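Let's take a walk through this fold together, starting with the sheet and working out to a few residues that deserve a second look. Keep the structure open beside you as you read.

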Amino acid sequence: MLKGIDRHLSAELVHVLMLMGHGDELVICDVNHPAGTIAAETTYGRIVDMVGCDIPTGAAAILSLMPLDSFVDAPVARMQVVGDAAAEMPVFGLMQRVIDAAESRPVRMQALERFAFYAAAKRAFAIVRTSDPGPYGCFILKKGVVDLPRL
């Protein structure tokens, strides 16, 4: 353990976050997502598991270290409900509260049709699979810039 790092973040996940640069994307998903298939096509090439963690808890832990991109209109994407694009699943509101709190501002989240989401996920840097039972717990987070003062 290290001081100041959320206990839900494994050494592998912290490593992945450190490898990512501005504009890289991270998928955080539930157990229903075809994570293994999609992860094979990402930059990282394999799943990073957050065992015993639901989506909001996992996202809050990730966003404690990773800023969202402030240079784009919607730095977070989610999957639309199949057959009802306007439907709101409970996890959507939970995630909205997590991302708004992490950024201390309202953050726009865009909805993507299922297969458009899968295509976007394949272009991501990595896939993080939680133990969240879902459904529709699939989100793409675009990494922003960490603006550190020069010493």
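When a strand is named here, it is a DSSP run of E, at least two residues long, and the numbering starts from the N terminus. With that in hand, M79 can be placed in strand β3. One thing to keep in mind throughout is that this is a predicted model.

Start with the sheet. It is open and has six strands, in the order β2-β5-β1-β6-β3-β4, and the pairing is mixed. The edges are taken by β2 (47-50) and β4 (109-112); each has a single partner strand, so one side of each is left without a neighbour in the sheet. On average, neighbouring strands are turned by 25° against each other, ignoring direction. In general, strands of a sheet pair through backbone hydrogen bonds, either parallel or antiparallel.

Zoom in on one end of that order. Strand β3, residues 76-79, pairs with β4 in the parallel sense over four bridges. Look for V76, and you'll find M109 of β4 standing opposite. To get from β3 to β4 the chain passes through α4, and this β-α-β crossover is right-handed.

Now back to M79 in β3. Is M79 buried or exposed? With a relative accessibility of 5%, M79 counts as buried. Beyond its neighbours within four places in sequence, M79 is in contact with F92, L112, R114, F117, Y118, Y136 and C138. If you want a distance to check on screen, try the C-alpha atoms of M79 and P34: they are 45 residues apart along the chain and separated by 13 Å.

Next, the helices that lie on the sheet. Helix α1 (residues 11-19) lies across β1 (25-29), β2 and β5 (126-130), and runs at about 130° to β2. Helix α3 (residues 55-63) lies across β1, β2, β5 and β6 (138-142), running at about 155° to β1.

How much of α3 is covered? Mostly: seven of its nine residues are buried. Those are I55, P56, G58, A59, A61, I62 and L63. They pack against α1, β1, β2, α4 (90-103), β5 and β6. As a reminder, an α-helix has 3.6 residues a turn, so residues three or four places apart point the same way.

One of the buried residues of α3, I62, takes us into the largest nonpolar core. That core has 51 residues, and I62, F117, F139 and L141 touch the most other members. Setting aside neighbours within four places in sequence, I62 is in contact with L9, L13, L17, L26, I28, M50, V128 and L141.

Just before α3, in the loop from β2, sits C53. C53 is buried, with a relative accessible area of 3%. Its contacts, again leaving out neighbours within four places in sequence, are H8, G58, T130, S131 and D132. Take S131 as an example: 78 residues separate C53 and S131 along the chain, yet their C-alpha atoms are separated by 5.3 Å.

Helix α4 has its own residue to inspect, E103. What is the relative accessible area of E103? The value is 18%, and E103 is buried. The side chain of E103 reaches the backbone nitrogen of L68 at 3.0 Å. Leaving aside neighbours within four places in sequence, E103 is in contact with P67 and L68.

Finally, some backbone oddities. Most residues other than glycine have a negative phi, and most peptide bonds are trans. S104, in the loop between α4 and β4, has a positive phi of about 55° although it is not a glycine. S104 is exposed, with a relative accessible area of 69%.

The loop between β5 and β6 is worth a stop too. P135 is found there, and the peptide bond from G134 to P135 is cis, with omega near 0°. Y136 is also found in the loop between β5 and β6, and has a positive phi of about 65° without being a glycine. Is Y136 buried or exposed? At 18% relative accessibility, Y136 counts as buried, since the cut-off for buried is under 20%. Y136 is also one of the residues in contact with M79, which brings us back to β3, where M79 has its place.

Terms used. Residues are numbered from 1 along each chain as its sequence is written. This is a predicted model: local features need pLDDT of at least 70, side-chain atom pairs count only at pLDDT 80 or more; totals for chains, interfaces and linings use all residues. Side-chain values use heavy atoms; hydrogens and water are left out. A nonpolar core is a set of buried Ala, Val, Leu, Ile, Met, Phe, Trp, Tyr and Cys residues joined through side-chain atoms within 4.5 Å. Buried means under 20% relative accessible area, exposed over 50%, partly exposed in between (1.4 Å probe, protein chains only). Contact means heavy atoms within 4.5 Å. Two strands pair if DSSP finds at least two bridges between them. Axes are lines fitted to C-alpha atoms, for helices over the stretch in contact, and angles run from 0 to 180 degrees between N-to-C directions. A crossover is right-handed if, with the strands pointing away from the viewer, the path from the first strand over the helix to the second runs clockwise. A polar contact is a pair of N or O atoms within 3.5 Å; within protein, one must be able to donate a hydrogen and the other to accept it, and residues adjacent in sequence count only if both atoms are side-chain atoms.
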